[in-house]
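Can you walk me through how to read this structure, feature by feature?

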Amino acid sequence: MTQTTSRFRSVAVALLALGLLVSCSRAEDPMTTVPRTWRIPGYKNAVFKDVMILAVTRDEDVRKALEDAFVADLSRDYTRARSSWKILPEHKDLTEETLEKEVRKAGFDSVLLIRLVGVDEDEKYVKPRKYYKREPGKHRYKNYYQYSYEIINEPGYFETEKTYRLESNLYRTSDAQLVWSSHSKTVNPETVDEGVTSVSQAVAGKLLEEGLLR
């Protein structure tokens, strides 16, 4: 084996190790998917421009965070999204009459209602893994291809995977008709803020992708 070939193999090992570290890091990030969406049959011209975001939860802090995140992700040049918490009282005091009155008074053409459907917990086995920790060698710049590697072994382990399932329903206010609905899954968010950000970006992306808002 030539010295050049050996050096290129060393570089390849380093890149492989880096790829493993990046993929493992991404796997731990909060991730939201939207596996299911539904749209009212035969209705293709639903483009809403003034939407109220209404998160149904007993925790007012979570409500505000979730609504504000959706407002940030849905507000565009032609669309205005507004948080319900700035207009409506706490959910425990909210009636259908009050909701309808405030929606019409504020001039909303649609309401996006978000609610937690359930939380699933599953035990998952994470396989053992091996990667190489790259450390600079003792050589100077002229031998920059030469490195030393320490092999790191991590044993397998069990972890609890928690999945938050949310339903997001878009209603048009003219007749309270459900126009669009989605079911999203958010896996293992480390904090409320991470989970909220992940959900809003995924669901808002679907709404924009399907042309319901612009």
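The dialogue below covers the overall layout, the cores, one pocket and one buried charged residue.

Q: Where do I start, and which elements does the protein have?
A: Start with the kind of model. This one is predicted. Then list the elements. The protein has four helices and eight strands. Read from the N terminus, their order is α-β-β-α-β-α-β-β-β-β-β-α.

Q: How many of the contacts join residues at least 24 apart?
A: Take contacts between residues at least 6 apart in sequence. Of these, 73% link residues at least 24 apart.

Q: What share of the 214 residues is buried?
A: Buried residues account for 30% of the 214.

Q: How do I read a nonpolar core?
A: The general idea first. In soluble globular proteins, nonpolar side chains tend to be buried together. Now the case here. The largest nonpolar core has 25 residues. Those touching the most other members are Ile53, Phe70, Leu74, Leu112, Leu170 and Leu207.

Q: Which elements each supply at least two residues of this core?
A: Two helices and four strands are named: α2 (60-74) and α4 (192-209), with β2 (50-56), β4 (110-126), β7 (157-172) and β8 (177-187).

Q: Which residues does Leu207 touch, beyond those up to four places away in sequence?
A: Leu207 touches Leu74, Leu112 and Leu170, and also Trp180, Leu212 and Leu213.

Q: What does the second core include?
A: It is separate and has six residues, among them Leu54, Leu88, Phe108 and Val111.

Q: How do I read a pocket?
A: Take volume, then lining, then chemistry. The second largest pocket has a volume of about 370 Å³. It is lined by 17 residues, and Val62, Leu116, Tyr164, Leu166 and Val196 are the closest to its centre. The lining divides into twelve nonpolar residues, four polar and one charged.

Q: Which element gives the most to that lining?
A: Helix α4 does, with four residues. At least two residues each come from β2, α2, β4, β7 and α4.

Q: Now a single residue. Is Glu167 buried or exposed?
A: Check the relative accessible area against the cut-off. Buried means under 20%. Glu167 has 13%, so it counts as buried. Glu167 sits in strand β7.

Q: What surrounds the Glu167 side chain, and with which side chain does it make a polar contact?
A: The polar contact is with the side chain of Asn169, at 3.2 Å. Setting aside neighbours within four places in sequence, Glu167 also contacts Leu113, Ile114, Arg115 and Val117, along with Ser181, Ser182 and His183.

How values were computed
Residues numbered from 1 in each chain as written. Predicted model: local features only at pLDDT ≥ 70, side-chain atom pairs only at ≥ 80, totals over all residues. Heavy atoms only, no water. Core = buried A, V, L, I, M, F, W, Y, C linked by side-chain atoms within 4.5 Å. Buried < 20%, exposed > 50% of the residue type's maximum accessible area, 1.4 Å probe, protein only. Contact = heavy atoms within 4.5 Å. 1 Å grid on protein atoms, 1.4 Å probe; cavity = no way out; pocket = protein on both sides within 12 Å on 5 of 7 lines; lining within 4 Å. Points joined across faces, edges and corners; volume = space filled by probe spheres on them. Nonpolar A, V, L, I, M, F, W, Y, C, P; charged D, E, K, R; others polar. Polar contact = N/O pair within 3.5 Å; in protein donor to acceptor, adjacent residues only side chain to side chain.
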